[in-house]
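Trainee: I'm new to this one. Can you walk me through it?

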Amino acid sequence: VLFRSVVLVELGLRGWNALRHPSPYTLDDELGWRLVPGIARTLPAPDGRSVPFAVDGDGHRQLPPGPVTPTARVLVLGDSFVQGSEVAPEELFVSDCARRLDGVAFTAAGVGGWSTLQALRSLSREFARARPDHVLLVVYDNDFADNLMPYFSGLGARPYLRVQGEAVVECEAEPQTFAPFLLPLPLASFWYEQDRKSTRLNSSH
């Protein structure tokens, strides 16, 4: 009885927290997920500070104001290292690049949890919006494994790569039936795995 009570309290607290602090991500049929345009809130930093986190209307981490008439535009793609949700906008490495390169406008188009494949897939829509002169793709060592993972725990399904012999095949995301409810759901990664097991079991019959 005590164990059940603890579990119920834990689920209740997680559900309340999800309603009070909704996820900054929303599901995306092509990319898996992306940032919610127009949100603004404060997030906790590892050093105990609260840092402002805002997303512009195009779904990019909002940076300090750039040049009115830029000499060049740079689109920066990547994952959480570009999104930088644990640091203030002026502390982002993208902002540091903007300070060092006078007159150059930067767009931080990174999204937490993204693989290199997801970042590259976003390129066509980003080109249409930002019209950059240059594109910088930020790659970290975890991206090599992320590219092979068909999902990200707590976020959802995503496009991924599969190695078949000597070939590398690009695979579409495999959305689950409960995908629209994945983001705020407590124990989302557990239920996601259960659904994947059920799907594999049903397909084998």
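**Strands, salt bridges and a surface patch**

Mentor: Start with a pair of strands. Strand β1 (residues 25-28) and strand β2 (residues 32-35) pair in the antiparallel sense, over 4 bridges. Keep in mind that this is a predicted model.

Trainee: What joins β1 to β2?

Mentor: A hairpin does, through 3 residues.

Trainee: And which residue in β2 is the bridge partner of threonine 26?

Mentor: Arginine 34 is the bridge partner of threonine 26.

Trainee: Switching to charges. How many salt bridges does the count come to?

Mentor: The count comes to 11 salt bridges. As background, side chains of opposite charge can pair when their charged atoms come close.

Trainee: Which side chain meets arginine 125 in a salt bridge?

Mentor: That of aspartate 28, at 3.1 Å from N to O. This pair links distant parts of the chain. Arginine 125 is in helix α5 (residues 123-130) and aspartate 28 is in strand β1, 97 residues apart.

Trainee: Is aspartate 28 buried or exposed?

Mentor: Aspartate 28 has a relative accessible area of 11%, so it counts as buried. Arginine 125 has 26%, so it is partly exposed.

Trainee: What about glutamate 170, which residue does it form a salt bridge with?

Mentor: With arginine 121, where the closest N and O atoms are 2.8 Å apart. Here too the pair links distant parts of the chain. Glutamate 170 sits in strand β11 (residues 167-171), arginine 121 in helix α4, and they are 49 residues apart.

Trainee: How does glutamate 170 count by accessibility?

Mentor: Glutamate 170 is partly exposed, because its relative accessibility is 45%. Arginine 121 is at 12%, so it counts as buried.

Trainee: Which residues do salt bridges with shared partners join into one network?

Mentor: Asp28, Glu30, Arg34 and Arg125. You have met Arg34 already, as the bridge partner of threonine 26.

Trainee: Which side chain meets aspartate 47 in a salt bridge?

Mentor: Arginine 49, at 2.8 Å from N to O. Aspartate 47 is exposed, with a relative accessible area of 51%. Arginine 49 is partly exposed at 34%.

Trainee: New topic. In what order do the 3 strands of the open sheet come?

Mentor: The order is β6-β5-β7, with parallel pairing. β6 (104-108) and β7 (134-137) stand at the edges. Each has a single partner strand, so one side of each is left without a neighbour in the sheet. From one strand to the next, the twist averages 20°.

Trainee: How many bridges join β5 to β7?

Mentor: 4 bridges join β7 to strand β5 (residues 72-77). For one pairing, look at leucine 77, whose bridge partner in β7 is leucine 137.

Trainee: Which strands does helix α3 lie across?

Mentor: Helix α3 (residues 93-100) lies across β5 and β6, and runs at about 175° to β6. Helix α5 also packs on the sheet, touching β5 and β7. The direction of α5 makes about 155° with that of β5.

Trainee: Last thing, the surface. Which residues form a nonpolar patch there?

Mentor: Leu120, Leu137, Val139 and Phe144. Together they have about 370 Å² of accessible area. Leu137 came up earlier, as the bridge partner of leucine 77.

Trainee: Where does leucine 120 lie?

Mentor: In helix α4 (residues 116-121). Leucine 120 counts as partly exposed because its relative accessibility is 46%.

Methods: Residues numbered from 1 in each chain as written. Predicted model: local features only at pLDDT ≥ 70, side-chain atom pairs only at ≥ 80, totals over all residues. Heavy atoms only, no water. Patch = residues over 30% accessible without salt bridge, like charges linked within 9 Å, V, L, I, M, F, W, Y side chains within 5 Å. Areas by Shrake-Rupley, 256 points an atom, 1.4 Å probe, with all protein chains shown as cover. Salt bridge = Lys/Arg side-chain N within 4 Å of Asp/Glu carboxyl O. Helix = DSSP H or I, 4+ residues; strand = E, 2+ residues; numbered from the N terminus. Buried < 20%, exposed > 50% of the residue type's maximum accessible area, 1.4 Å probe, protein only. Pairing = 2+ DSSP bridges. Axes fitted to C-alpha atoms, helices over the stretch in contact; angles between N-to-C directions. Contact = heavy atoms within 4.5 Å.
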